Amino acid sequence: MPKNKNQQHIKTSIGGQALIEGVMMRGPKVTAMAVRLPNQTISMEEWASPKNKQWYKKTPFIRGIFNFIDSMKEGYTCLMKSAEKAGLEEEEPSAFEKRLQEKLGEKYNTVFQIFVFSFSILLAVGLFVFLPTLLVKGLQGIIPNSLALTVIEGLAKIGLFCLYLFFISKMGDIYRMFQYHGAEHKTIFCYESGQELTVENVRRHSRFHPRCGTSFLVIVLILSIIVLSFISWESIWMRMGLKLLCLPIIMSLSYECIKFAGRHDNLFTKILSAPGLWIQRLTTKEPDDEMIEIAIAAMKAVIPDEAQR
């Protein structure tokens, strides 16, 4: 989209996350979440962003895994809060949930959230770490070349990832969350272009952004092909164990790649970002105006001073 003469492109570290009927934006000093309540008003919450003063959260090629874990924890907390605000938790609990509530009392919410989070991690590890290796192991007698097996394993991971995203995007609540994801990206793009944050301006921008969690995960999958090519296929269990040990290294390298792509615009970063941008067609959908309003509200709360972008 063409810019006016007075517009200036802004490089920012602001990032966000789609929530249930809302958006969370994380700025250098402030983090905010905006959620559409059942009565159609907007609920706002703001808190100080972590300063990451610890050396291991600032050192390149080390900081990635720690910052990723922090982002996961904060994102999950915001997701649970947004579900409560949006009224999803007002549904009648099942008989099993009622029994748990009776036994656990006040600890129920904490225990339930830990269970859901742990189950999600185990499911992800099973689908994207163990299953591709088990599937490809059967081809070892046909394809003796270990590098070829690793490439096939990597492509299987990406294929499973895309299928998973495709099927969950058909669920109503997930589809709406992907629309909020699109609103988040459009709003960040609008701010970066130097335009006023209005629904009309935001709507014109792309929903595909290189600094995205989807792009990060795609880079993780691609880099894993390179790193795991050095691991032998002789023992299937040793390979899967070493894959788990290598995961922090792969995630740290991916974090640096996504940071670099977000701060530079050249041929290399375009190639680096391309696979993630393609897969964002699955994880972002075009938002409506009310969703854009939510993203704008969250964005305005975290916009920093000039020197802190």
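Start your tour by selecting helix α4, residues 146-168: at 1.5 Å a residue its 23 residues should span 33 Å, and its end C-alpha atoms are indeed 33 Å apart, so the two agree. Keep in mind as you go that this is a predicted model.

**Inside α4**

Stay on α4 and colour its buried residues: Leu-149, Thr-150, Glu-153, Gly-154, Lys-157, Ile-158, Phe-161, Leu-165 and Ile-168. An α-helix has 3.6 residues a turn, so residues three or four places apart point the same way. What lies over these buried residues? Show the neighbours, and you will find that the cover includes α3, α5 (172-192), α7, α8 and α9 (267-283).

**Two of those neighbours: α7 and α8**

Next, select α7 (residues 213-228) together with α8 (residues 236-263). Two packed helices are described by the angle between their axes and the distance between the axes. Here the angle is about 130° and the axes are 8 Å apart. That angle makes α7 oblique to α8, and the crossing is right-handed.

Now bring up the side chains where these helices touch:

- From α7, pick Ser-215, Phe-216, Ile-219, Val-220, Leu-223, Ser-224, Val-227 and Leu-228.
- From α8, pick Arg-239, Lys-243, Cys-246, Ile-250, Met-251, Leu-253, Ser-254, Tyr-255, Cys-257 and Ile-258.

Try colouring this contact of α7 with α8 by class: you should see 13 nonpolar, 3 polar and 2 charged residues.

**On to α1**

Move to residues 63-85, which form helix α1. This helix has 23 residues and runs 33 Å from its first C-alpha to its last, close to the 33 Å expected at 1.5 Å a residue. Its buried residues are Arg-63, Gly-64, Ile-65, Asn-67, Glu-74, Gly-75, Tyr-76, Cys-78, Met-80, Ser-82 and Ala-83. Which elements do they pack against? Display the strands β1 (15-19), β2 (22-26), β3 (30-36) and β4 (42-48), then the helices α3 (108-137) and α8.

Before leaving, click on Gly-87, just after α1: this residue has a positive phi of about 95°.

**Last stop: α1 against α3**

Finally, show α1 and α3 as a pair; their axes come within 12 Å and cross at roughly 125°. That makes α1 oblique to α3, in a right-handed crossing. The residues to select are Met-72, Tyr-76 and Met-80 on α1, with Gln-113, Val-116, Phe-117 and Ile-121 on α3. By class, this contact of α1 with α3 holds 6 nonpolar residues, 1 polar and no charged.

Conventions:
Residues numbered from 1 in each chain as written. Predicted model: local features only at pLDDT ≥ 70, side-chain atom pairs only at ≥ 80, totals over all residues. Heavy atoms only, no water. Axes fitted to C-alpha atoms, helices over the stretch in contact; angles between N-to-C directions. Helix = DSSP H or I, 4+ residues; strand = E, 2+ residues; numbered from the N terminus. Parallel < 35°, antiparallel > 145°, perpendicular 65-115°, else oblique. Left-handed = near helix turned anticlockwise from the far one by under 90°. Contact = heavy atoms within 4.5 Å. Nonpolar A, V, L, I, M, F, W, Y, C, P; charged D, E, K, R; others polar. Expected span 1.5 Å × (residues − 1). Buried < 20%, exposed > 50% of the residue type's maximum accessible area, 1.4 Å probe, protein only.
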